[in-house]
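I opened this entry to keep track of what I looked up, item by item, and of what I found each time.

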Amino acid sequence: MNAVTTRTTCPYCGVGCGVNAVVDNDAVSVAGDSAHPSNLGSLCSKGTALADTVGLQGRLLHPVVDGRRASWDDALDEVAARFGQIIAEHGPDAVAFYVSGQLLTEDYYVANKLMKGYIGSANIDTNSRLCMSSAVAGHKRAFGEDVVPGCYEDLEVADLVVLVGSNTAWCHPVVYQRIVAAQENDPNKKLVVIDPRRTATAEGADLHLPIAPGTDVHLFNGLLGYLAENGVASDLPGTQDAVAEAHKIGDIDAVAEACGVDRDTVAAFFELFAQTERTVTVFSQGVNQSSAGTDKVNAILNCHLLTDRIGKPGACPFSITGQPNAMGGREVGGLSSTLAAHMGFDAAERVQRFWGSPAIADEPGLKAVELFEAIERGEVKAVWIMATNPLVSLPHADRAKRALEACEFVAVSDCMRHTDTVDRAHVLLPAAAWAEKSGTVTNSERVISRQRSFLPMPGDTRADWDIICDVARRMGFADGFDFDSAAAIFREHAALTAFENDGERVLNLAGLTDLTDSEYDTLKPVRWPIFAPQTLRAAGAMPVAQDSRRLFTDSVYPTRDGQAHLVAVTPRGPANAVSNEWPLALNTGRIRDHWHTMTRTAKSARLAAHIPEPFVEVHPEDAKRYGVADGAIATVSTALGEAHVRVIVTAGQREGTLFVPMHWNDQFAARARVGALANPAVCPISGEPEFKHTPAAIAPFDAAWHGFILASRPLQLAAESSIDYWVKVPGERFYRYEIAGLTTPDAWATTARSWLGVGERTADWLEAVDSAAGRYRAAHMDAGHIEACVFVAPEPAALPERSWLANLFTGEPVDETERIGLLAGRPADPGADPGPQVCSCFGVARNTILRAIDEQGLDSVAAVGEALEAGTNCGSCKPEIAALIAETQADE
Ligand SMILES: Nc1nc2c(c(=O)[nH]1)N[C@H]1C(S)=C(S)[C@@H](COP(=O)(O)OP(=O)(O)OC[C@H]3O[C@@H](n4cnc5c(=O)[nH]c(N)nc54)[C@H](O)[C@@H]3O)O[C@H]1N2
Ligand SMILES: Nc1nc2c(c(=O)[nH]1)N[C@H]1C(S)=C(S)[C@@H](COP(=O)(O)OP(=O)(O)OC[C@H]3O[C@@H](n4cnc5c(=O)[nH]c(N)nc54)[C@H](O)[C@@H]3O)O[C@H]1N2
Ligand code: SF4
Ligand SMILES: [Mo]
């Protein structure tokens, strides 16, 4: 059979890169789609590794009811009946959907329609509440509608790019590479990063402002005051109040003091901003995830409105979205605070008329954090969770867990058989995954792209929209849900955006309302708004008649008075201040190669290898103060819970703050689910939680021993009482477990055999015990190849590197020299140890890079790329390669 190529879209971040998926017999490979306007052929490390994640291991392939495999009929009847019964007894607000920016627009549209138009409640909220809701609320206050006015090209045209609370290099890598490439071509272009941490993004910046957590409003109010003082004026409504409020913060010295940054840095930023017409300010979770999130957004928008830097090439504020379809979800109205198609509840009559529906929600529903509180109180008695893992990703996640445990009825649609959330459902509905489903997504720059299936749906899996429509029909709503394809749903969604829309709503897909099925199938990436169908057709679906790249070019806004509004915002601290008991500010976020709760990225050994363990970053002074050492394990705790994670001491972490990644959960670690520690305080306007600031403490985790296991099969370490710390790291042909214990077992050999599930009489068991030194090493061999090995030592530093040992897991017998090195844990030739992986795309490890730098005198990232290929595909590891070069030079 010939290889078949399918054009689709990456299912990870909101950059929305086009992907060519190639299926050649059973082999899947992916490459960037050079015809896609958003990535022009590039992919980051996660996109590049997509083919690693399409396998069926761990998938949920059949419906499950009360723990037992069930038929679709039984499962769907159960969902429809339980929802129907609870609605009949307690009213529509006693049920809820909790959905996700990882649903496709068509899935999202029918979920929203079912809840708001047929069940008649607005209790549908989405994980976008945890993500973009502050940006949504800020946009509405300033522009009258939730609209991102610019496009990626603006980032290249701009002379100044300001990244606020955005680790773009790791979280939106292809956009970051576009910025870097433009800046390399023009040394006059400048990059400013505003983030309490010195991130990989900050490493590449001309100016980094490591502001104290939560002081963005202080900074941007200071900037607004500075601009006004320097003669910038505007007659937009709200200007006077906003500027008057901004002046209260005082001069540059006062701003620097409030933000905890040195004066010259603040002055340099203000000057640069004042002088540079073509400025784009990009913001994401450091801004949104705050109890002052909406105010932070408006403080930024104010500066762009005052300087009239919006709707122009290279000049706009830019909210960069997280999930692949966070934008699509906002477009259909998936948040409980909006109704549908960028309409609010004041349009309830119009939307009901369009749907011809029996009911309509006429006021906002519960927002994510409130929703789980209402579930805990028993007010919401049935919930259907789709494409999100709230027991990991919600703040105060243990409370959410208690809520689900207490809930009368929990249905979960997911692709995986086990997640922290799936394990608490009464009914499991197996959803088709990325490679198998079809529909549309909208990215950060308003480009709608097709996701197209290229693999058959495995087992009993079905598309989310199909599952939702089936439940709706079983609830008696056949009329509104007789869709036979994603295309039919898309047409209706497009029609609703255009319905009675004489320009009041910028979101308008009029030009897509009558796409035929085959036009939908071949739809090229297209940016909204899209007005005229004929022009669109004539041009081959793209580009559209008018230039939709920039909005508000005529300074007309979808507000009552047609103008944009500045909003007076008052700086305030985080909801909960640090104290004697909780002296540190816990910040949480992302790493380069994992996606959220790891259900997909942990399937890729090369992605998992980048940062194998959950960690806490600590400033050197704090490490000294609280007695935690680099490489050791620490307990991070807050008033809500605790986590056990590996310590990284780094001066890049601001003193008084900690950073822990959000990804690890109960499937991959004994205790590293940081959502359990995170603050449920929310922004009063958007309802977005304060993930970036929870008062916390850190203390050593007093392990008596440290160790690791490499095993060819997964182990059940959670059941082992001798292990108090474990992390599971998937490898190429093995599983790696980092382990530690608080007490030393009496007999190492018996204990180790129990961990590996190896009987006392197993013959091929190599062992080295040094009780006095607290060392134990063993290997279980089978027919000459290695099945598993265990290494234990009193200190982490006394353990050998994992990479050489991992390379012995080939399934082939080990040779004599390898067998000799085995219990030493290192090769006879020390040069053979590559160390931890840096470049995921080409599998180039740290020691290999260090050796090449040393031996070949390499002094630039480009030179390393030339010698080893590292960094030459997606470029995501370039900041790390630069750091290795700097490290070597510092050593010299
Ligand atoms: N690799 C990877 N990429 C992803 C994702 C992923 O899981 N993995 N998820 C996607 C999703 S859904 C999202 S929402 C995006 C998020 O993308 P980002 O927003 O870039 O990611 P985060 O790491 O959550 O947070 C960004 C930065 O905010 C900083 N910050 C903390 N407090 C403050 C503050 O008070 N002020 C300022 N100015 N900064 C602060 C943090 O130190 C952090 O470096 O990433 C998307 N891309
Ligand atoms: N501490 C902390 N917590 C955070 C954040 C933070 O910065 N810090 N960030 C927040 C943000 S911005 C976000 S966006 C959230 C993300 O948090 P979540 O949405 O909870 O994380 P995911 O791991 O993406 O969960 C997606 C789930 O859907 C499943 N899935 C994947 N594709 C499909 C599909 O097509 N259909 C169905 N039905 N299921 C599918 C996956 O297996 C997985 O279980 O986390 C939030 N939580
Ligand atoms: S930047 Fe990376 S994760 Fe984001 S869409 Fe592109 S390839 Fe996917
Ligand atoms: Mo997000």
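The notes below go through the ligand surroundings, then helix packing, then single residues.

**Ligands**

I began by reminding myself that this is a predicted model. I looked up ligand 1 and found 35 residues around it, of which D195, G214, S284, R590 and H594 come nearest. For D195, I noted that an N or O atom of its side chain is 2.6 Å from an oxygen atom of ligand 1. I found a polar side-chain atom of S284 at 2.7 Å from an oxygen atom of ligand 1, and for R197 I read 2.9 Å between a side-chain N or O atom and an oxygen atom of the ligand.

I then turned to ligand 2, where I counted 31 surrounding residues, the closest being Q102, S393, D414, D464 and T597. Which atoms make the polar approaches to this ligand was my next concern. I found that Q102 places a polar side-chain atom 2.7 Å from an oxygen atom of ligand 2, while T588 has a polar side-chain atom 2.9 Å from a nitrogen atom of ligand 2. From the backbone, I noted a polar atom of A387 at 3.4 Å from an oxygen atom of the ligand.

Which residues are around ligand 3? I listed C10, Y12, C13, V15, G16, C17, L43, C44, K46, G47, P173 and V174. Looking at which elements give two or more residues to this shell, I found helix 1 (45–48) and helix 7 (173–185). Sorting the shell by class gave me 9 nonpolar, 2 polar and 1 charged residues.

**Helix packing**

I next checked a helix pair, keeping in mind that two packed helices are described by the angle between their axes and the distance between the axes. Helix 2 (residues 72–90) packs with helix 20 (residues 464–474) at an angle of about 60 degrees, and I read 9 Å between their axes. I recorded the crossing of helix 2 and helix 20 as right-handed. On the helix 2 side I found W72, D73, L76, D77, V79 and A80, which meet I467, D470, V471 and R474 of helix 20. The residues of this contact divide into 6 nonpolar, no polar and 4 charged.

For helix 17 (residues 368–376), I wanted to know which residues are buried, and I found A368, V369, L371, F372, A374 and I375. I traced what these buried residues pack against and listed strand 6 (95–99), strand 7 (124–126), strand 13 (382–386), helix 18 (390–393) and helix 19 (397–406). After helix 17 comes G378, for which I noted a positive phi, near 85 degrees.

**Buried residues looked up singly**

Is K189 buried or exposed? I entered K189 as buried because its relative accessibility is 10%, which is under the 20% cut-off. I placed K189 in the loop between helix 7 and strand 9 (190–194). Setting aside neighbours within four places in sequence, I found K189 in contact with E156, V157, A158, D159, A182, Q183 and D206.

I then looked at L160, which lies in strand 8 (residues 160–164) and counts as buried because its relative accessibility is 0%. Not counting residues up to four places away in sequence, L160 touches K190, V192, L272, F273, T276, R278, T279 and V280. I also checked L160 against L339, 179 residues apart along the chain, and found their C-alpha atoms separated by 37 Å.

**Backbone exceptions**

I searched the backbone with one rule in mind, namely that most residues other than glycine have a negative phi, and most peptide bonds are trans. I found a cis peptide bond from W528 to P529, with omega near 0 degrees, and I located P529 in the loop between strand 18 (526–527) and helix 23 (533–538).

For S555, a residue other than glycine, I read a positive phi near 60 degrees. S555 sits in the loop between helix 23 and strand 19 (584–589), and I entered S555 as partly exposed because its relative accessibility is 44%.

What is phi of E869? I read a value near 75 degrees, positive in a residue other than glycine. I found E869 in the loop between helix 30 (861–868) and helix 31 (878–891), and I entered E869 as partly exposed because its relative accessibility is 44%.

How values were computed
Residues numbered from 1 in each chain as written. Chains lettered and ligands numbered in written order. Predicted model: local features only at pLDDT ≥ 70, side-chain atom pairs only at ≥ 80, totals over all residues. Heavy atoms only, no water. Axes fitted to C-alpha atoms, helices over the stretch in contact; angles between N-to-C directions. Helix = DSSP H or I, 4+ residues; strand = E, 2+ residues; numbered from the N terminus. Left-handed = near helix turned anticlockwise from the far one by under 90°. Contact = heavy atoms within 4.5 Å. Nonpolar A, V, L, I, M, F, W, Y, C, P; charged D, E, K, R; others polar. Buried < 20%, exposed > 50% of the residue type's maximum accessible area, 1.4 Å probe, protein only. Near = heavy atom within 4 Å. Polar contact = N/O pair within 3.5 Å; in protein donor to acceptor, adjacent residues only side chain to side chain.
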